[in-house]
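The following paragraphs guide a newcomer through a protein chain, moving from individual strands to larger arrangements and then to local details. Please keep the structure in view while reading.

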Amino acid sequence: MTTQLIGSARRIISLTELRYFSSKPSYFHNPGTEPLKQITVGQLLDKAVEKWPDKPFLFSKHQKVSLTYSETKSQVDVLAQGLLEIGLSPGDHLGIWGVNSNEWVLTLLAAAKVGIVSVNMNPAYEPPEAKFCIRKTNMKGLVFDVKFREKNLYEVMSKLVPEMSQCKPCTPFRSKEFPDLTHLITFSDQTMDGTYRLEDVYKAGKGKEGRRLVVEKLIEPEDAWNIQFTSGTTGNPKAALMSHFANVNNAYFVGKGMRFNLKNHVILCQVPFFHVFGSCIGVLGAMNYGAALVLPGPLYNPKESVEAVIEYKCTALYGTPTMYIDLCAAVEKLTAEEQEGLKHQGVDVALTAGALCSPGLVQKLLDTFGLQVISLYGMTEVGPCAFLSQFTDTPEQILTTVGSVNETIQIKVVDNEGRMVPMGQPGEVWFKSYASLIRYWDDVEKTKETITETRWIRSGDRFILTEDGYGKVVGRVKDLIIRGGENIAPKEIEEHLEKHPAVREVHVYAVSDERLGEDVAVSVRLKEGATWSEQELEEFCKGQIAFFKIPKYVEFVEDFPKTASGKIQKYKLREMLEKKLGKE
């Protein structure tokens with residue numbers, strides 16, 4: 001035995017632990033090949049216009065609208081001035097609550113131009129969730145769709161802010177419930193009490209650019225520009241405050257990894273703008289490279305996405321694995337001639353995030369579009385990309401890893417005490433990045449839980465890092481199933497079940513058990529027309545995975561409960577099954 005000082009604490013370290021400390025630690029730093037950009041979102045748009053004034057920037061298929069880069073800047077500048085004219089100021093928080101549209105993008109960029117911090121909100125939020133977001137972020141203004149599906153959002157806001165009915169259109173108000181909220185703006189042509197139309201804000205800014213020009217010069221790259229609600233799988237979401245510098249540079253390196261610098265690209269953006277995938281990787285990524293964004297519809301619809309790919313001759317696709325599963329299924333409904341034409345149309349690459357594509361899905365995308373699949377892994381709080389696949393990756397690397405460490409990022413994998421584990425061993429992955437969040441807005445405790453004193457970001461993901469900088473997610477720290485003392489990683493079981501030809505999507509999770517503490521459950525989504533029984537699933541597992549990993553409970557489902565970003569909410573699957581089993 002030997003004694004060693006760790007920090008200010010003295011502890012006894014065994015010979016086994018000494019061997020542990022002498023192993024090569026799980027740490028990797030990609031120093032990058034070029035300097036980071038000291039640039040704001042507004043300056044990024046201005047520079048894009050200087051380089052590509054007449055190139056298309058935005059195609060909104062459902063609105064039948066297209067904008068070039070110069071047309072976008074013209075509208076953004078007027079709208080930015082209008083926001084100042086109606087009473088908003090740099091540093092104020094402006095919510096954007098709506099479906100994908102050209103107005104959504106213009107509002108995001110206009111706010112950024114004059115230092116107003118945009119707050120992205122999921123249009124599916126119910127009144128309590130909207131109330132939480134408005135209050136949590138000290139929102140001063142909110143731009144919103146009047147309707148979302150069957151829900152009237154104007155009526156929702158009228159109930160949350162009854163003072164609206166006492167105010168004439170285009171008039172600020174004071175709210176008892178939300179003391180910071182003074183301005184409501186609609187994506188609507190209809191004049192309504194207590195609100196401005198977006199057109200009213202444009203009118204307020206026309207012919208007046210003096211204040212905007214002054215304010216623009218005061219905005220710094222490291223200033224806040226956006227609040228993203230994290231798609232946590234439990235509890236209320238956290239409000240991650242992000243800087244211009246973080247998101248602009250992160251989007252740049254993702255585009256570089258996708259080779260957007262080598263040719264003109266037209267991007268199918270079927271991911272929502274309220275999520276960082278859409279607003280950062282989508283909007284800012286396109287602006288970094290003069291690419292065009294195609295919005296196939298207000299909400300995700302695989303049929304509309306396929307039509308948009310064909311109509312606009314898209315060369316890049318953005319989506320989650322679930323989206324790609326549905327997209328390939330929609331292509332199968334085309335004629336044989338149309339399918340063959342689509343395969344040779346020139347779609348080069350599909351970017352996927354949220355989860356790793358299964359081997360079957362990667363092959364399906366290749367067969368359907370003839371493209372390269374690029375995986376992005378990280379978290380909202382790191383910009384969001386920390387790992388990215390490469391075009392030169394081997395088939396094994398594409399199928400089994402989340403890619404390699406992205407430029408100018410540091411990675412380490414640690415144990416429960418925050419000490420680095422040996423390279424190749426599982427632990428929690430931590431990030432240190434130029435693209436890290438500033439903090440969680442109005443949440444000191446969560447900020448301390450996530451950001452260490454030395455600015456490492458804790459992920460909550462169980463991870464294996466290899467010496468060449470590639471990584472593999474092996475589960476969530478909190479998702480680990482502990483069955484009678486045996487630690488079980490759900491991902492291992494999921495990967496086996498995904499090999500069955502009847503399976504479209506599968507998720508494994510824990511359910512409570514009086515004797516074992518926890519037992520294994522699985523929810524399975526089958527391919528259209530496929531059949532599979534619980535007994536057949538069990539037989540498929542026997543001899544392939546350990547007996548204690550074979551799911552005790554099997555549920556066949558049509559769909560899965562998801563977060564705003566498309567992540568599966570396993571805790572809801574657990575709650576539903578335990579209610580069914582009477583284990584509440």
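In strand β17, which covers residues 316–319, Ala316 and Tyr318 point one way, while Leu317 and Gly319 point the other way. All of these residues are buried. This arrangement follows a general pattern: in a regular strand, side chains alternate between the two faces of the sheet. The model under discussion is a predicted one.

Strand β17 has partners that can be followed through one of its residues, Tyr318. Strand β15, residues 266–269, pairs with β17 in the parallel sense over three bridges, and Tyr318 in β17 is the bridge partner of Cys269. Strand β18, residues 349–352, also runs parallel to β17, and four bridges join the two. Here the bridge partner of Tyr318 is Leu351 in β18. Tyr318 thus appears in both pairings, as the partner of Cys269 and of Leu351.

The wider layout of the chain may now be considered. The domain assignment gives three entries: domain 1 is made of 27–38 together with 239–476, domain 2 spans 69–219, and domain 3 spans 481–581. Between the C-alpha centres of domain 2 and domain 3 the separation is 43 Å.

Another sheet to examine is an open one, formed by three strands in the order β29-β30-β31 with mixed pairing. Its edge strands are β29 (503–513) and β31 (553–556), each of which pairs on one side only. On average, neighbouring strands of this sheet are turned by 20° against each other when direction is ignored. Ten bridges hold the antiparallel pairing of β29 with β30, the strand of residues 517–526. One position in this pairing is Val511, whose bridge partner in β30 is Asp519. Helix α17, residues 490–497, lies across β29 and β30 and runs at about 145° to β29.

The aromatic residues offer another way to read the model. How many aromatic pairs does the count give? The count comes to 16. One of these is the pair of Trp52 and Tyr69, which is tilted, with 6.2 Å from centre to centre and 50° between the planes. This pair links distant parts of the chain, 17 residues apart: Trp52 is in the loop between α2 (41–51) and β4 (56–60), whereas Tyr69 is in helix α3, residues 69–85. Both Trp52 and Tyr69 are buried.

Phe387 and Phe463 form a further tilted pair, with a centre-to-centre distance of 5.1 Å and 50° between the planes. Because Phe387 lies in strand β20 and Phe463 in strand β25 (residues 457–465), the pair ties together parts that are 76 residues apart in sequence. Phe387 is buried, with a relative accessible area of 0%, and Phe463 is likewise buried at 0%. Elsewhere, ring pairs link Phe245, Tyr252, Phe253, Phe260, Tyr289 and Tyr434 into a cluster.

Some details of the backbone also deserve attention. As a general background, most peptide bonds are trans, and most residues other than glycine have a negative phi. The peptide bond from Gly383 to Pro384 is cis, with omega near 15°. Pro384 lies in the loop between β19 (372–378) and β20 (385–388); strand β20 is where Phe387 of the tilted pair is found.

Two residues that are not glycine have a positive phi: Asn138, at about 55°, and Arg149, also at about 55°. Asn138 lies in the loop between α5 (127–136) and β8 (141–144), and Arg149 lies in the loop between β9 (147–148) and β10 (151–152). Are these residues buried, partly exposed or exposed? Asn138 has a relative accessible area of 31% and is therefore partly exposed. Arg149 reaches 62% relative accessibility, so this residue counts as exposed.

A final stop is Gln397, found in helix α15, residues 395–400. Gln397 counts as buried because its relative accessibility is 19%, and the limit for that class is under 20%. Leaving aside neighbours within four places in sequence, Gln397 is in contact with Asp468 and Tyr470.

Terms used
Residues are numbered from 1 along each chain as its sequence is written. This is a predicted model: local features need pLDDT of at least 70, side-chain atom pairs count only at pLDDT 80 or more; totals for chains, interfaces and linings use all residues. Side-chain values use heavy atoms; hydrogens and water are left out. Domain bounds come from an automatic or database domain assignment. Buried means under 20% relative accessible area, exposed over 50%, partly exposed in between (1.4 Å probe, protein chains only). Two strands pair if DSSP finds at least two bridges between them. Axes are lines fitted to C-alpha atoms, for helices over the stretch in contact, and angles run from 0 to 180 degrees between N-to-C directions. Contact means heavy atoms within 4.5 Å. Rings of Phe, Tyr and Trp (its six-membered ring) pair if their centres lie within 6.5 Å; planes under 30 degrees apart count as stacked, over 60 as edge-to-face and the rest as tilted.
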